[in-house]
Amino acid sequence: LKSSSDSFTFDMASTAMCRSMGSYLLAGILLVGINADSSGLCRIKSTTRSPQRLEQFKWLHIPKTGSSLATTLYHYACNISDDGAKPRTYSNSKHPVFPIFERSFGGFREQCNSSQWVGPRYGHTPHRSESRNRDIVMMVRDPRRRLISAYHYDMHAFGLKRGDRPKLVQTAKSPRDFARFPGIAGCTVNMLTGKPCAMNVEMTPERTAQAIKTVQEAAFVGITDE
């Protein structure tokens, strides 16, 4: 793979394989204009410029896509010299304790650029329409793997109605059952369109298009399984 500020070149098995890629989202870069030349190289032109320092960013934390991104974000916004610094967990808890992490390094306000990291620093707050798409940093994950991870993580369903929880526990005996429960599928689209992950709302073409547009305009999109 070779790259410049706005293009990529890599070997492909065939012209057809190159063209079949279509438009592909890779780590926040929308790749377009994919064509194979006579030498068998696949040439891709990117819609983005060279990476630049973000004036501000907002973490859109979709459940089960990687809480460890917080380590990168803290180092990005904070004056932390310890490369091994990372959010800590209690031995009897599954949940990262970000406030403790912040206190360990002098507190977020004292040591970090609080004007750069906007919005909540932990939790699963959906992206609201009044927020700028270009400020978003996020991780995405294969929906099947995300659902399997959520199922085995005590059937994680942020945003599910409290009254629906007992029914979910009673009926979801497998990841397939879990995925079919009303509100569980469609988490990523929900989060990108202002709804909690497990809210049971209709999945329309308009909402899907809005979610895609938000991802395309985001500052950074990482792929958990890559």
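**Helix H9, a nonpolar core and Thr224**

Guide: Let's start with helix H9 of this predicted model: Arg207, Ala211, Thr214 and Val215 are buried there.

Visitor: Why are the buried residues of H9 said to line one face of the helix?

Guide: Look down the axis of H9: the buried residues fall within an arc of 100°, so one face of the helix is what they line. Over on the other side of H9, Pro205 and Glu206 are exposed.

Visitor: What makes the reach of H9 close to the expected one?

Guide: The expected span is 1.5 Å times one less than the number of residues. H9 has 13 residues, for which 18 Å is expected, and the distance from its first C-alpha to its last is 18 Å, so the two agree closely.

Visitor: Which elements each supply at least two residues of the largest nonpolar core?

Guide: That core has 13 residues, and Leu60, Met138, Met191 and Leu192 have the most contacts inside it. Strand E9 (136-140), helix H8 (187-192) and helix H9 (205-217) each bring in at least two. With four residues, H8 gives the most.

Visitor: What does leucine 60 touch beyond four places away in sequence?

Guide: Its partners are Thr125, Pro126, His127, Ile136, Val137, Met138, Met191 and Leu192.

Visitor: Why is threonine 224 called partly exposed?

Guide: Its relative accessible area is 26%. Buried would take under 20% and exposed over 50%, so at 26% threonine 224 falls in between. As for its place, threonine 224 sits in the segment after strand E10 (220-223).

Visitor: How do you know where threonine 224 lies relative to threonine 65?

Guide: In sequence they are 159 residues apart, while their C-alpha atoms are 6.0 Å apart in space. Thr65 also counts among the residues that threonine 224 touches, along with Met139, Val140 and Arg141, leaving aside residues up to four places away in sequence.

Visitor: What makes the pairing of the threonine 224 side chain with the backbone oxygen of threonine 65 a polar contact?

Guide: The limit for such a pair is 3.5 Å. Here the side chain of threonine 224 reaches that backbone oxygen at 2.5 Å, so the distance is within the limit.

Visitor: Which residues of helix H5 are buried, and what covers them?

Guide: In H5 (residues 143-152), the buried ones are Arg146, Leu147, Ser149, Ala150 and Tyr151. Their cover includes helix H7 (175-180) and H8. Just after H5, aspartate 154 takes a positive phi of about 60°.

Note on methods. Residues numbered from 1 in each chain as written. Predicted model: local features only at pLDDT ≥ 70, side-chain atom pairs only at ≥ 80, totals over all residues. Heavy atoms only, no water. Core = buried A, V, L, I, M, F, W, Y, C linked by side-chain atoms within 4.5 Å. Buried < 20%, exposed > 50% of the residue type's maximum accessible area, 1.4 Å probe, protein only. Contact = heavy atoms within 4.5 Å. Arc of directions from axis to C-beta. Polar contact = N/O pair within 3.5 Å; in protein donor to acceptor, adjacent residues only side chain to side chain.
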